[in-house]
Amino acid sequence: MSTHHLNQAPILVVGAGIMGMGIAQVAAQAGHPVSVYDTRADAATQAKQKLADSLAALVTKGKMTADGVQTLLARITPVAQLSDAAQVSLVVEAIVENLAAKRSLFQELETLVSAQCVLATNTSSISVTAIANGLKHPERLVGMHFFNPVPLMKLVEVVSGLQTDASVAKAIFELAERW
């Protein structure tokens, strides 16, 4: 698996909560087109609006330019269904800390994304190996654990499951460094 294909690659973030939107923000800041999906209708759209409001406050304080904010927001697209983001190179899951929910999400994602797509979980407490259990390609699932608030905490824990391919973990480690 080529590790360079993640540079500026399209990304899907699943979960439009505080963590998910923080991840979407840092990915967009790093130049990635980011799709955001949430099972709750309108949650991703509302979360993008909330992000726009908080970035507007940064412009007022002189921390960001209005152009910078527009560019960043233009890279973030709420999607109504997972299949709308089937072309992505990386999925970062930031949903509820529930093993069954995470496993079922990744099993569904496997039917949609390409064989080269890396699957990452932002879990803080669940075993990556357990989440990968039942996947057709468990070697491409890796833990990518961000810390709250994501845009301010320059820390990402990359966690390999028992079956995680070393090149996948390395690619995510390098990506996290760039972000």
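## A tour from a buried serine outward

Select Ser-89 to begin: leaving aside residues up to four places away in sequence, Ser-89 touches His-5, Leu-6, Ala-9, Pro-10, Gln-116, Cys-117 and Val-118. The model on your screen is a predicted one, and Ser-89 sits in its loop between β3 and β4, the latter covering residues 90-93. Because its relative accessible area is 14%, against a cut-off of under 20%, Ser-89 counts as buried.

Now zoom out to the whole protein chain, colored by secondary structure, where six helices and seven strands should appear. Followed along the sequence, these elements come in the order β-α-β-α-α-β-β-α-β-α-β-β-α. The C-alpha trace spans about 50 × 35 × 30 Å along its principal axes, and the radius of gyration of 15 Å agrees with the value near 16 Å that a compact globule of 179 residues would have. Of the 179 residues, 47% count as buried, and among contacts with a separation of 6 or more, 66% are accounted for by residues 24 or more positions apart. If you switch on the surface, about 8700 Å² is exposed, with carbon and sulfur atoms supplying 54% of that area. Coloring by charge brings up 13 positive and 14 negative charges, whose mean positions lie 5 Å apart.

Next, select helix α2, residues 43-60, whose end C-alpha atoms are 26 Å apart, in agreement with the 26 Å expected for 18 residues at 1.5 Å a residue. Show the side chains of Ala-43, Ala-44, Ala-47, Leu-51, Ala-52 and Leu-55, which are the buried residues of α2. An α-helix has 3.6 residues a turn, so residues three or four places apart point the same way. The cover over the buried residues of α2 includes α1 (18-29), β2 (34-37), α3 (66-74) and β3 (76-78). After α2 comes Gly-62, with a positive phi near 80°.

From α2, step back to Asp-42 in the loop between β2 and α2, where phi is positive at about 70° although Asp-42 is not a glycine. Asp-42 counts as exposed, since its relative accessibility is 53%. Then select Gln-8, in the segment before β1 (11-14), another residue that is not a glycine and yet has a positive phi, here of about 55°. With a relative accessibility of 47%, Gln-8 counts as partly exposed.

Finish at Pro-149, in the loop between β6 (141-146) and β7 (156-160), and display the backbone there: the peptide bond from Asn-148 to Pro-149 is cis, with omega near -5°.

Terms used: Residues are numbered from 1 along each chain as its sequence is written. Side-chain values use heavy atoms; hydrogens and water are left out. Helices (H or I, at least four residues) and strands (E, at least two) are DSSP runs, numbered from the N terminus. The radius of gyration is taken over C-alpha atoms; the globule rule is 2.2 Å times the number of residues to the power 0.38. Buried means under 20% relative accessible area, exposed over 50%, partly exposed in between (1.4 Å probe, protein chains only). Contact means heavy atoms within 4.5 Å. Accessible areas come from the Shrake-Rupley method with a 1.4 Å probe; for residues, only the protein chains shown count as cover. Lys and Arg count as positive and Asp and Glu as negative; His and the chain ends are not counted. The place of a charge is taken as NZ of Lys, CZ of Arg, CG of Asp or CD of Glu. The expected span of a helix is 1.5 Å times one less than its number of residues.
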